[in-house]
Amino acid sequence: QVQLVESGGGLVQAGGSLRLSCAASGTILSIGDMGWYRQASGKQRELVAMFSSGGRIKYGDSVKGRFTVSRDDAKNTVYLQMSSLKFEDSAVYYCVAAAKIRPIDYFNEYWGQGTQVTVSS
């Protein structure tokens, strides 16, 4: 199995910065796309950033220019650098990764348990 463990969430003032990390562990043969979604209270889960295995990056419209996603394939880790944080960025942030365990497998999608980011206005 594959486990995703997020870290780096917390409380920050508006205008501040935070860096989230997500490390994948387990019996991993290959990792594909890695990224972040978030879900604010009472709202649907939305894309924050996705970093494909081929190097393409996609950001949600609300975070473009403020957030930066990166990955370290040697560590099976994806990062999210968040700057100029706004009150509306407050949410639970979830890491997601596509991973293959065996050569005969397709890539399956795995999710972390989420880390809370709270931005005070």
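This briefing covers the fold, the core, the disulfide, the ring contacts and four serines of one chain.

The model is predicted. The chain has 11 strands and 0 helices. Its radius of gyration is 14 Å, which agrees with the value near 14 Å for a compact globule of 121 residues. The largest nonpolar core holds 28 residues. There is 1 disulfide, and this bond joins Cys22 to Cys95.

**Overall fold**

- Read along the sequence, the pattern is β-β-β-β-β-β-β-β-β-β-β.
- Along the principal axes, the C-alpha atoms fill a box of roughly 50 × 25 × 25 Å.
- Of the 121 residues in the chain, 42% are buried.
- Take the contacts with a sequence separation of 6 or more: residues 24 or more positions apart account for 55% of them.

**Nonpolar core**

- Seven names stand out among the 28 core residues: Leu4, Trp36, Val48, Phe67, Leu80, Met82 and Tyr93 touch the most other members.
- At least two core residues come from each of these strands: E1 (2-7), E3 (18-26), E4 (30-39), E5 (46-51), E7 (67-72), E8 (77-82), E9 (91-100) and E11 (115-120).
- Strand E9 gives the most, with 5 residues.

**Disulfide**

- The S to S distance between Cys22 and Cys95 is 2.0 Å.
- The link is left-handed, with -80 degrees about the S-S bond.
- Cys22 lies in strand E3 and Cys95 in strand E9, so the bond ties together parts that are 73 residues apart in sequence.
- Cys22 counts as buried because its relative accessibility is 0%.
- Cys95 is likewise buried, at 0% relative accessibility.

**Aromatic rings and charges**

- The whole structure contains 1 aromatic pair.
- Arg19 lies over the face of Tyr79, at 4.1 Å from the ring centre.
- Arg45 lies over the face of Trp111, at 4.8 Å from the ring centre.

**Buried serines: Ser21 and Ser52**

- Ser21 sits in strand E3.
- Its relative accessibility is 18%, so Ser21 counts as buried; the cut-off for buried is under 20%.
- Beyond its neighbours within four places in sequence, Ser21 is in contact with Val5, Glu6, Ser7, Trp36, Val78 and Tyr79.
- One of these partners, Trp36, is among the core residues that touch the most other members.
- Another partner, Tyr79, has Arg19 over its ring face.
- Ser52 lies in the loop between E5 and strand E6 (57-59).
- At 7% relative accessibility, Ser52 counts as buried.
- Outside its neighbours within four places in sequence, Ser52 is in contact with Asp33 and Arg71.

**Partly exposed serines: Ser70 and Ser120**

- Ser70 is found in strand E7.
- Its relative accessibility is 28%, so Ser70 counts as partly exposed; that class lies between the 20% limit for buried and the 50% limit for exposed.
- Leaving aside its neighbours within four places in sequence, Ser70 is in contact with Phe51, Thr77, Val78 and Tyr79.
- Val78 and Tyr79 also appear among the contacts of Ser21.
- Ser70 and Trp111 are 41 residues apart along the chain, and their C-alpha atoms are separated by 17 Å.
- Ser120 lies in strand E11.
- Ser120 counts as partly exposed because its relative accessibility is 28%.
- Past its neighbours within four places in sequence, Ser120 is in contact with Leu11, Val12, Gln13 and Ala14.
- Ser120 and Gln13 are 107 residues apart in sequence, yet their C-alpha atoms are 4.8 Å apart in space.

**Strand by strand**

- Strand E3 supplies at least two core residues, carries Ser21 and holds the Cys22 end of the disulfide.
- Strand E9 gives the most residues to the core and holds the Cys95 end of the disulfide.
- Strand E7 supplies at least two core residues and also carries Ser70.
- Strand E11 supplies at least two core residues and includes Ser120.

Note on methods
Residues numbered from 1 in each chain as written. Predicted model: local features only at pLDDT ≥ 70, side-chain atom pairs only at ≥ 80, totals over all residues. Heavy atoms only, no water. Core = buried A, V, L, I, M, F, W, Y, C linked by side-chain atoms within 4.5 Å. Buried < 20%, exposed > 50% of the residue type's maximum accessible area, 1.4 Å probe, protein only. Helix = DSSP H or I, 4+ residues; strand = E, 2+ residues; numbered from the N terminus. Contact = heavy atoms within 4.5 Å. Disulfide = S-S within 2.5 Å. Phe/Tyr/Trp six-rings, centres within 6.5 Å; stacked < 30°, edge-to-face > 60°. Lys NZ or Arg CZ within 6 Å of the ring centre and 35° of its normal. Rg over C-alpha atoms; globule rule 2.2 N^0.38 Å.
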